Every structure is written in C-alpha cells, then in structure tokens.
Amino acid sequence: MKVPYRRISLCAVLVALSYFIYWKSLISVKQETSRNLLPSTQPQQEAAPPSLLCYPDVPTVSPWGAPIVWEGTFDPEEDFRLHHERGTVVGISVFAVGKYLSRYLLPFLVSANQHFMPGLKCVIYVVTDQPSAVPSVSLRPDLNLVVLRCPSRTRWQEISMMRMKDLPELVFPLAKEQVDYLFCMDVDQVFIGRYGPETLGDLVAQLHSGLYHMNKTYYTYEQDPRSAAFTPPEKAHYYYHAAVFGGTIPHLVKLTSSCLRGILQDRSKGLEAVWQDESHLNRYLALEALPSKILSPEYCWMSWNPFLLLKNPKMRWAQKDYKNLRS
Ligand SMILES: CC(=O)N[C@H]1[C@@H](OP(=O)(O)OP(=O)(O)OC[C@H]2O[C@@H](n3ccc(=O)[nH]c3=O)[C@H](O)[C@@H]2O)O[C@H](CO)[C@H](O)[C@@H]1O
Ligand SMILES: [Mn+2]
C-alpha cells in the first residue's frame, strides 16, 4: 500500500499551526482575565521590561497589592545583598513518606543544594517514617539537613493532609529557633533554576500552574458547603498549589492550625475536601489571610503543560506515578 506522506505532513503542519494559534489565544485570554480582576482604584504596578518577562503584560501585583514574582520583576543582586547582610537563614520542610522517599527525595535534595538560595544559610527538614533510608548527599557547607521521624500512615490522602499536624508538632519548634523563613514543599518536584530570596515574605503562596491559564470558573475550590474548606469562588482571586507555601513561623502556625482544624472538623462529619489539604489552604488564603507575596508558575512549573511554556522556570513538577506510588 502506498503511504500518503505528503498528505500526512500537510496535516501535521496544519495541526501544529492551529495548536500554536490556540495556545497564543489562551495566554492572551488569561492576561485579560487577570487584568480584569484588578479593581480600577488599585494602582497597577509598573510592568517590568517586556524582554525580561516570559509574556509581556503578565499580572505582577494582586488586587490587594501583593507582588506576583516573575523573573524580571526583581533585582536578584539587590535581594541577595540585603539578605546576606542580614544573615537571613531559610528553611524547607519536605515530607518523604513510604515509597515517595526512594522515588523523589534524592533529586529534590541534589537540586536544592544547587539552586535553592545560593549563598544564603539554609536548613532542609526532611520528615519521614524511615529516617535510616534518607540518602546521604554531599551538601554545600551552608546547607544543613535535619531528619525528623513522623508516624507511618497508609492512605496517601492522610499522608498529604496530616502535614498540617506534623509541621507544627515536629518542624516548627526547631525551625523557629533556626530559620527566618520556611517553605513547606512537596517532594515530587525538582529545582531547575536559581530560586532566590525574591521569594521570601511573611506569607507566600504559589499559583497552581495546572490552572494558571484557565478561567476562574475552572478553579477547583471546595464547593460542598458542609465542608470547612468551602470557598465561594467570588470571594477568592487565585488558585494556589499546596506543593509550595511559606513564610515566617508565626504566619505558618496560624495557617497550619486553621487548615488542621478544618480537616479534623470535616473528618468528624465523615467528609474529606475535594483536594484535601490544598482545599483548606485555598480557603485560608482567600478568606482568612491574604498572601503577602505570590509566586508565579515559574516557581512550580507543570513542565508537561503545553499551555504554559515558560522561559525562566526555577522548579518543575517531577513525573507523577500514582499507580505505583499510592497504595
Ligand atoms: C489528588 C491529589 O493528588 N491531591 C493532592 C496532592 O496532589 P499531588 O499530586 O501533588 O500529591 P502528592 O502525591 O505529591 O502528595 C503530596 C506530598 O505528600 C507527601 N507524600 C504523599 C504521599 C505519600 O505516600 N508519601 C508522601 O511523602 C510528599 O511530600 C508529596 O509530594 O497534593 C496537593 C498538595 O501538593 C494537594 O493536597 C492535593 O489535594
Ligand atoms: Mn505533589
């Protein structure tokens, strides 16, 4: 049989072209939607020089004045100088429980060693149910590793949600003595570019890169009014990813205690929020405490999302493998 190569290549070119046009239109729709969220009374922050941003005109400030951090909106040398002079110490807490330890922890640590706050003192708190299995990694002299034991839990939903319990019980008592700012991060991600002190703030939230390009009607807030995580969409602005949040310890204490309270209240009614801890986090950040700084999708990039091609990603999601990793 004769293969119609010319017809196939013509089709491929047409598909690629329409895909490109679709992608460009989505990005501009998103930019319009984001701009529309800004009330007209709010002064809009000067946009950084377009050549430095991934897309010109991305929103760089929230309606309540919190900076949205994109490459090009900050001066890395000035930020570094300030924090270096102050002797700022930055922490990360990362949970690696069950199979997630052997699958994700090593690349997370190796990449953090290379890209996370280079030149500043750092502490990584690894929270795990199997401390002896934590891989030994050669780390830079100003980066310390602290391993903490947490209980083994079987349901992955419990492991994810109970971070809101283990953080204040296991991590914060140490961190409040050792660090000025702490990030609470998922382990299934890797640093791929300089993740510097431009990200530091009292209460820091991460835009979810899977939903960033979408219209707000697609944001996955908990919609069951019986749940403590219930979030009326009209009261919220953004959809945040629970894979990264951070701030100073007093702010994180309030955040985790509110989320844990909601999780336990739901449990007592036989409920579980649609995106577990992430649903409670979104409610908290919409209704109880607005973040003082917001990280653009560059700081937690869903690398296989074809609608979000970024020029300056600093961290990307690792490949998911729910089938093998979740029992
Ligand atoms: C359906 C689903 O997936 N939902 C949750 C999950 O997405 P994710 O797909 O990002 O969840 P995930 O599998 O990365 O679990 C969250 C984190 O909990 C830890 N972990 C989890 C399971 C386990 O067996 N061992 C372990 O160590 C680990 O640090 C992991 O990165 O997490 C988000 C927070 O980022 C939200 O809470 C979502 O609601
Ligand atoms: Mn994750």
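1. Let's start with Y100. In this predicted model, Y100 counts as buried because it has 21 C-beta neighbours inside 10 Å, and the cut-off for that label is 20 or more. Y100 sits in helix α3, which covers residues 99-115.

2. Which residues does Y100 touch, once its neighbours within four places in sequence are left aside? The contacts are V187, D188 and L325. V187 and D188 also appear with Y100 in a UniProt annotation, which brings us to the next point.

3. The UniProt record, an unreviewed entry, carries a "binding site" annotation on F95, A96, V97, Y100, D186, V187 and D188. These positions are spread over 94 residues of sequence, yet they cluster in space, with a largest C-alpha distance of 11.5 Å. Do keep in mind that such annotations may be inferred rather than shown by experiment.

4. D186, one of the annotated residues, is worth a look of its own. D186 lies in the loop that runs between β5 (181-185) and β6 (189-191). Is D186 buried or exposed? D186 counts as buried, because 20 C-beta neighbours fall inside 10 Å.

5. Now to the ligand. Ligand 1 is surrounded by 17 residues, and the closest are V97, D186, A242, W275 and E278. Two or more residues of this shell come from each of α4 (156-161), β8 (240-247) and α7 (276-288). V97 and D186 also belong to the annotated "binding site".

6. What is the make-up of the shell around ligand 1 by class? There are 10 nonpolar residues, three polar ones and four charged ones.

Terms used: Residues numbered from 1 in each chain as written. Chains lettered and ligands numbered in written order. Predicted model: local features only at pLDDT ≥ 70, side-chain atom pairs only at ≥ 80, totals over all residues. Near = placed C-beta within 6 Å. Helix = DSSP H or I, 4+ residues; strand = E, 2+ residues; numbered from the N terminus. Nonpolar A, V, L, I, M, F, W, Y, C, P; charged D, E, K, R; others polar. Buried ≥ 20, exposed ≤ 12 C-beta atoms within 10 Å, placed from the backbone. Contact = placed C-beta atoms within 7 Å.
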